[in-house]
Amino acid sequence: MRYDTIIIGGGLSGLVCGLRLAKAGKRCAIISSGQSALHFSSGSFDLLAATADGEHISSPSEAIASLVERTPSHPYAKIGAEHFVATAEAAKQTLLDAGVRVEGDAAQNHYRLTPMGTLKATWLTMDGYVRATSDEGLAWKSVVLMNAEGFLDFYTQFIVDELRKKGTTCRVSNFSLAALDNIRNNPTEMRSANIARIFDKEENIAALAEIIARGAGDAEAVLLPAFLGIDRADVLDELKRRTSREIAIIATLPPSVPGIRAQIALRRAFERAGGVYMLGDTVVGYDEREGAIERIYTVNHGNIGFEAAEFVLATGSFFSRGLVADRQAVVEPLFGVDVDAAADRADWYTRDLFEQQPFESFGVASDEQFHALRGGRAVENLYVCGAGLSGFNPLTEGCGAGVSMLSAVRVSDNILKK
Amino acid sequence: MQKEFDVIIIGGGATGAGVARDCALRGISALLLERFDIATGATGRNHGLLHSGARYAVNDHESAEECIRENMILRRIASHCVDETGGLFISLPEDGLEFQSKFIKACLSAGIKAEAIDPKEALRMEPSVNPALIGAVTVPDGSVDPFRLTAANVLDAKLHGAEVLTYQEVTELVMEQGRVVGVKALDRKSGEMREYRGRITVNAGGIWGHNIAKKAGVTVNMLPAKGALLIFGHRVNNVVINRCRKPADADILVPGDTISLIGTTSSKVPFDEVDDMYVTADEVDLLLREGMKLAPSLEHTRILRAYAGVRPLVASDDDPSGRSVSRGIVVLDHATRDGVEGFITITGGKLMTYRLMGEWTTDLICKKLGVDAKCTTAERPLPGSRKEERERTSKKMHAVPTMQRESSLYRHGDMAERVESSTAAKRSLVCECEEVSVGEVEYAINALEVNNLVDLRRRTRVGMGTCQGELCACRAAGLMAEMGRYCTSRAKQDLAAFINERWKGMSPVAWGDTLRESEFTKWLYGGVCGLTSKTKEE
């Protein structure tokens, strides 16, 4: 089988890249082994929230020039300060086109509410999630926080106490619902995605709406944990419509319902645009000719190879196995391309996990066009995008989702330019 | 006027707990003070090997005899802490068979049942053993849960009138006319200083006893020897595997609970490092290299974490390996030794002989106090180990899902019935890896003196499975705050501390799946939840 482009990795980066290529008329396939980092998303996408030294950034578009100058190996430096805002806008538009409703602007970060109740700077936040324009507090003076009894992955008191510090009174109202009893009786089942599947059902939406209407009192807004709307996107709208209440969502511990929904939306948009999404398959081998990748082989398709003019490596970092570390070294397991990583294992980590960890910046080496390097030389038809790139710290700099999406946009542009 | 105890015991390791229990059973009023949680020093940082004594048989006949006697006693009195796995001493081609005959002879003369078996038979007994072995000897080794053992001693001491206070750090010994009459201690929870009076003070501080002795102006010269170990992600072997040769690095592989442990290294460390032992990448490599000779499959087995303890060896000379020093029990009566009345140091020995150390110390206490009471600790089962009670408890818990019930019984023995399991909410799981329910967490928080998540982990195994506390840590912190253990600011601080405590053990082995898991933990807590190392009490 032959495609124009084959993307290996079906997470945020691979999907953004694939969707843009498919929409531009390319015959495109994505090979995905399954779970991606979207499954534990916060419901927001970060672009640039701090410098590598941890200095706070409020305007990514203003800060980009200095970042590019100071860290020329950063993926954003390869995109270039002058293209940064347009690339970010294109990434955002890709989400919107797929039906992932987000709000936010590269000129000015806003704040999301964490499950710990703190406010954290971010770029795009999914529709319906609690947002704040500054870290000083929410727009509401009084809210009611509702949680399902027995749901342990969302601890209300953390949020109550933090909001109080920032001037919002927060009352907690726990509810039980007969429809939840079944999963509550199984000790491992009371998880966000399972609850969301129950609330996807019409009769349960009606019951929840009643609970909200009863429990909301005179609060300005009702806050709910992110256990709504996994297969359908309109659950929150329905609840708002039926209760005539302001309702907003707060992220929970994984699995992430908004992340899963975004993943599904992007995948469907990709398929609607003519893309082929091969779920649950893993690339295990490849042929090359004259220094270019010719075809790849997967577990499910055995010796039937897939050929393409261009290949994109969007396999993520360690968690997704885009990078693999053993006792001696960090490698890129599919093509064995160059990896930027410290040679000595003792230099991979520091003692405080919450500080910057060297391993977080390890990744596949690439040139200015995001070609993967092998033996220091670019592989002309193999591009890299996403978390597997080297040279940035997704957490310290608050740029993980941004690097994933913007590098994907740039790789798709580079392919289309060819 | 303050209450005066007969005895103040400093140190909540197995030894201190053993002394406290023995005193309490003999009607002596005892106060045990521990600066952190129980079993946080060397007690909680070793193999958890129920030594048969075979390891010492050739070089230290006395220790070997003590070990096998205590081994048999612990099987009786602490059955819920002991796994009777049996042990093998294998000879590899590089070891030769010369040592084996000497070894068997020495074992038998110490009363240790040692029997040479065919290497093929050894492979049948323990399929994970190195198939290249040329000889094997069976011995009555086993494994023991050091925390559970200490906790059971503490519990029984309290049931018999002893007081046990954790997070009380002794800062000063109160001296009057050359006699120790009590201690001053910092309450680490409130920050207050407290004074306790006792007719006799026992220094059971392990390696930290070196500095406690100094406070009385006496010198007990200890040699801190670091021992590093690795924990593997599953139970690789069901039988303890040792090397049949002169004791060396990383030559014991012990199955415990759901995991296996390889250890140890031995290296001299300075006293200022004993509070914070990190395992280096080189130590990890050594442990793995040697461990693979015992069980080749270790090469491909996930390592959960690395940790290290400090042996409180009493130094006779400056031996850097710390191995030629006797592991024998040292009871020092500072009245006769140094002219300081009312002060005893108990040290040396090992986890295996904690009960005997308690007996000898309490014998000395009785002599000094003029109390005429016999030691009964060798006969009386510890709480949790009463077999008929356990069966009755298991029946009473029939409504609890099997895995959960077994896990709970396994951890708490016959005390498991105190775990609330009547509703779905109480049965819902906080920790999936280790099947720890809300009810069990609540029981531990209410009844087992839990001050933080690390204390909770020791009592329930929350966060000890393959995920090393990914989701359960946050759930448990929430429950702790809900039950009023602390405010939410402290809860978050505790959560960050717990995650970093796990990282301390994971970072030296952070490759493969352990690195994947670490990256995920960081994303979750550093990213989604926004915790930082600066998450402090506000």
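**Exercise 1. Describe the interface between domain 1 of chain A and domain 2 of chain A, starting from its buried area.**

Solution.
Step 1. About 550 Å² is buried between domain 1 of chain A and domain 2 of chain A, and carbon and sulfur atoms give 41% of this area. The model is a predicted one.

Step 2. Place the two parts in the sequence. In the domain assignment of chain A, domain 1 covers 2-106 + 260-417 and domain 2 covers 130-250. Their C-alpha centres are 33 Å apart.

Step 3. List who takes part. Domain 1 of chain A brings seven residues into the contact, and domain 2 of chain A brings nine.

Step 4. Look at the polar links. There is one salt bridge between the two domains. A:R101 and A:D237 form a salt bridge, with 3.4 Å between the closest N and O atoms. This distance meets the rule because the cut-off is 4 Å between a side-chain nitrogen of Lys or Arg and a carboxyl oxygen of Asp or Glu. Four residue pairs are in polar contact across this interface, both residues being at pLDDT 80 or more.

Step 5. Find the main contributor on the domain 1 side. Helix α10 (residues 257-272) of chain A supplies four residues, the largest share of the side of domain 1 that touches domain 2. By class, that side has two nonpolar, one polar and four charged residues.

**Exercise 2. Work out how domain 1 of chain B and domain 2 of chain B meet.**

Solution.
Step 1. Chain B is assigned three domains: domain 1 (4-42 + 147-221 + 327-369), domain 2 (82-143 + 223-310) and domain 3 (387-528). Between the C-alpha centres of domain 1 and domain 2 of chain B lie 32 Å.

Step 2. Seven residues from domain 1 of chain B and seven residues from domain 2 of chain B make the contact. The buried area here is about 600 Å², with 58% from carbon and sulfur atoms.

Step 3. Two salt bridges are counted between these domains of chain B. In a salt bridge between B:R148 and B:D257, the closest N and O atoms are 3.9 Å apart. The pair counts because the limit is 4 Å.

Step 4. Two residue pairs are in polar contact between the domains, both residues at pLDDT 80 or more. The side of domain 1 of chain B that touches domain 2 of chain B holds three nonpolar, two polar and two charged residues.

**Exercise 3. Characterise the interface of chain A and chain B.**

Solution.
Step 1. Chain A gives 49 residues to the contact and chain B gives 54 residues. The two chains bury about 4,900 Å² between them, 64% of it from carbon and sulfur atoms.

Step 2. The rule finds seven salt bridges across this interface. A:R191 and B:E432 meet through their side chains in a salt bridge, at 2.7 Å from N to O. There are also 26 residue pairs in polar contact, both residues at pLDDT 80 or more.

Step 3. On the chain A side, helix α5 (residues 156-165) of chain A supplies the largest share, five residues. The side of chain A that touches chain B divides into 21 nonpolar, twelve polar and 16 charged residues.

**Exercise 4. Which residues of helix α12 of chain B are buried, and what follows this helix?**

Solution.
Step 1. Helix α12 of chain B runs over residues 402-412, and its buried residues are B:Q404, B:R405, B:S407, B:S408, B:L409, B:R411 and B:H412.

Step 2. B:G413 follows α12(B), and its phi is positive, near 55 degrees.

Conventions:
Residues are numbered from 1 along each chain as its sequence is written. Chains are lettered from A and ligands numbered from 1 in the order in which they are written. This is a predicted model: local features need pLDDT of at least 70, side-chain atom pairs count only at pLDDT 80 or more; totals for chains, interfaces and linings use all residues. Side-chain values use heavy atoms; hydrogens and water are left out. Contact means heavy atoms within 4.5 Å. Buried area is the accessible area (1.4 Å probe) that two parts lose on being put together, summed over both. A polar contact is a pair of N or O atoms within 3.5 Å; within protein, one must be able to donate a hydrogen and the other to accept it, and residues adjacent in sequence count only if both atoms are side-chain atoms. Helices (H or I, at least four residues) and strands (E, at least two) are DSSP runs, numbered from the N terminus. Ala, Val, Leu, Ile, Met, Phe, Trp, Tyr, Cys and Pro count as nonpolar, Asp, Glu, Lys and Arg as charged, and the others, Gly among them, as polar. Domain bounds come from an automatic or database domain assignment. Buried means under 20% relative accessible area, exposed over 50%, partly exposed in between (1.4 Å probe, protein chains only).
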